[in-house]
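The report below goes through one protein chain, moving from a single strand pairing to the overall fold and then to some backbone details.

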Amino acid sequence: MDFFTLTDIKLKNLSDVYSFIYQHPSCPKQMIANELGISLPTVSQHLNTLLDASLIKTCGRLDSTVGRRAVAYQVEALARIAIGIELLPHRATIVALNLYGKVIAREKISLDFAPTDDYFISLKNTVRNFMNTNHYKEDTVLGIGLGVQGLISPDGKSFTYGEILNSTGLRLDTFANAFRFPCKLIHDAECACYSELWEQRDLSDAIYISLGQHLGGAVLIDGKLQVGATGKSGTFEHMTLVPDGLTCYCGKKGCAECYCSGHALLGSDADDIHQELDNFFEKKAAGDTDCLTRLDHYLSDVAVLINNLHMVLETPVILGGHIASYFTDEDLDLIRKKVAARSTFDSNVTYILSGKCKKDAVAIGAAVPYIQSFTEQFVAHLRQDI
C-alpha cells in the first residue's frame with residue numbers, strides 16, 4: 001500500500017494547479033477550483049505560492065456582466081528556458097525555448113567541429129555569450145541538448161559511433177562540467193523527431209525520416225521514441241538499399257545514406273550543403289532540367305526506402321529534415337505516386353506526411369525534452385524549486 005504525506009498531497013495539488021494553468025492560459029481561480037475539485041482557499045494558497053516563485057503571473061481581468069471581474073492567471077513562459085544546439089562540421093545553431101516550446105532566441109555561428117577539448121571549450125564560451133547577450137541566468141536554464149550526427153551513449157555523455165564527425169568515444173565532460181544544469185548529446189534525427197512530437201502532441205505511432213545533409217530516422221511507438229538496446233533503432237541510413245552499391249562512409253556498400261542523403265541529391269561532397277540546397281531548389285523551381293532529373297531519381301530512391309519501412313511498420317511516415325523543408329505539394333504527390341507504384345498491398349499512400357517543424361528542427365528538438373520534462377513532471381521540480 002502506498003502512503004502519501006500531507007506534503008505529497010500539497011505538492012500534487014500545487015502541480016495540478018500549475019498544469020491546469022499551463023493548459024488553460026488566462027483562466028480564473030473559480031475555474032481552477034471547479035475543474036480540479038479543490039476548494040477556493042486551497043487554490044488561492046497555491047496561486048500565491050506559484051506567484052511568489054514567479055512561475056505564474058496575472059494577466060488582467062475577465063469580462064463580467066455582474067460583480068467584480070475575476071483575475072486571470074497564466075504561466076510565466078520565461079520562468080524557465082531550455083537551450084538546444086545543432087552541431088555540424090562547420091557551424092552551430094543555438095536556440096532558446098520558453099516553457100511553451102517557442103523559440104525566443106536564435107543564433108548561427110561558424111565553428112569548425114573537432115573531436116577535442118578545445119572545441120568544446122570554444123562551444124562553451126559561445127553558449128556563455130549567447131546566455132549573457134539574452135540575459136539568461138543559469139538558475140532559469142533547465143538544460144542544454146546538443147544535436148549531433150552520431151550514435152550516443154544512454155547517459156547522453158559520449159559518442160558510441162561518430163564516423164561523420166570522427167568523434168567515436170568523445171565525451172561531453174569538458175562542456176558539461178562548465179554548467180550547473182544538465183547537458184547531453186542527442187542523435188540529430190531523434191532531435192528532429194522530438195520537435196515533430198512537440199508540434200503534433202497527438203502523434204502516437206510513426207516512422208520519422210530525416211532527409212538532410214545525411215539521412216537519419218526515428219521510430220515512434222505509443223508516443224515514445226524507440227532507441228533500442230544500444231541506441232541503433234531508427235538508423236535507416238545504414239539499411240542496404242542497393243546490394244553491392246555505392247560505398248557508404250561506414251565502409252559498407254549500398255546503404256540508404258548513399259542514395260537518400262543531401263550528398264546523393266546534389267552530387268556534392270561538401271561538408272555543409274545548405275547554400276547548395278538553396279541554389280538547387282531555386283533552379284528546380286525555375287525548371288532547370290538537370291535539377292528536375294536529379295530530384296526525380298532521388299525521390300525514386302526515397303520512395304523505395306519509404307515502401308520498405310512501411311512494410312515493416314504500418315504507421316504514418318513523416319518526412320522531415322533540411323531537404324524535406326524544400327518539398328512542394330507537387331514533390332510530395334510525386335513521392336506518393338512512386339511509393340504507390342511499388343506497394344504490393346495498398347495504393348492509398350496518404351500516410352506519407354510532411355513534417356510540421358520546418359526550421360531548425362534539430363536544435364529545437366535538442367531542447368524540447370527539458371521543456372517536456374518540466375511541464376509533465378512538475379511535481380519533481382517543485383521539490384527542488386519551491
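Which residue stands opposite Leu97 in S5? In this predicted model, the residue opposite Leu97 is Ala82.

**Strand S5 and its two partners**

That pair belongs to the antiparallel pairing of strand S4 (residues 81-87) with S5, which extends over 6 bridges. S4 and S5 make up a hairpin, and 3 residues lie between them. S5 is also joined to strand S6 (residues 103-110), in this case by 7 bridges, and these two strands run antiparallel as well. Within the pairing of S5 and S6, Ala96 has Ala105 of S6 opposite it. S5 and S6 likewise form a hairpin, with 5 residues between the strands, and there Gly101 adopts a positive phi near 75°.

Is S5 enclosed by the rest of the structure or left open? Of the 7 residues in strand S5 (residues 91-97), 7 are buried, so the strand is largely enclosed by the rest of the structure. Burial here means a relative accessible area under 20%, and it applies to both faces of S5: Arg91, Thr93, Val95 and Leu97 are buried on one side, while Ala92, Ile94 and Ala96 are buried on the other.

**An open sheet of three strands**

Elsewhere in the chain, 3 strands make an open sheet with antiparallel pairing, and their order is S1-S3-S2. The edges are held by strand S1 (27-28) and strand S2 (56-61), and because each has a single partner strand, one side of each is left without a neighbour in the sheet. The pairing between S2 and strand S3 (residues 71-75) is antiparallel and consists of 4 bridges, and it includes Arg61, whose bridge partner in S3 is Val71.

**The chain as a whole**

Taken over its full length, the chain contains 14 helices and 15 strands. Its radius of gyration is 24 Å, close to the 21 Å that the globule rule gives for 386 residues, so the chain is as compact as a globular protein of that length. The C-alpha trace spans about 70 × 50 × 50 Å along its principal axes. Of the 386 residues, 49% count as buried, and among contacts with a separation of 6 or more, 60% come from residues 24 or more positions apart. The accessible surface amounts to about 18600 Å², and carbon and sulfur atoms account for 49% of that area. The chain carries 35 positive and 46 negative charges, and the mean positions of the two sets are 7 Å apart.

**Positive phi outside glycine**

Most residues other than glycine have a negative phi. Against that background, Ser54 has a positive phi near 60°, and Asn166 has a positive phi near 50°. The table sets out where each of these residues lies and how accessible it is.

| Residue | Phi | Loop | Relative accessible area |
|---|---|---|---|
| Ser54 | near 60° | between helix H3 (40-52) and S2 | 45%, partly exposed |
| Asn166 | near 50° | between strand S9 (159-161) and helix H5 (173-176) | 61%, exposed |

Ser54 thus belongs to the loop that leads from helix H3 into S2, and S2 is one of the edge strands of the open sheet described above.

Notes:
Residues numbered from 1 in each chain as written. Predicted model: local features only at pLDDT ≥ 70, side-chain atom pairs only at ≥ 80, totals over all residues. Heavy atoms only, no water. Rg over C-alpha atoms; globule rule 2.2 N^0.38 Å. Buried < 20%, exposed > 50% of the residue type's maximum accessible area, 1.4 Å probe, protein only. Contact = heavy atoms within 4.5 Å. Areas by Shrake-Rupley, 256 points an atom, 1.4 Å probe, with all protein chains shown as cover. Lys, Arg positive; Asp, Glu negative; His and termini not counted. Charge placed at Lys NZ, Arg CZ, Asp CG, Glu CD. Pairing = 2+ DSSP bridges.
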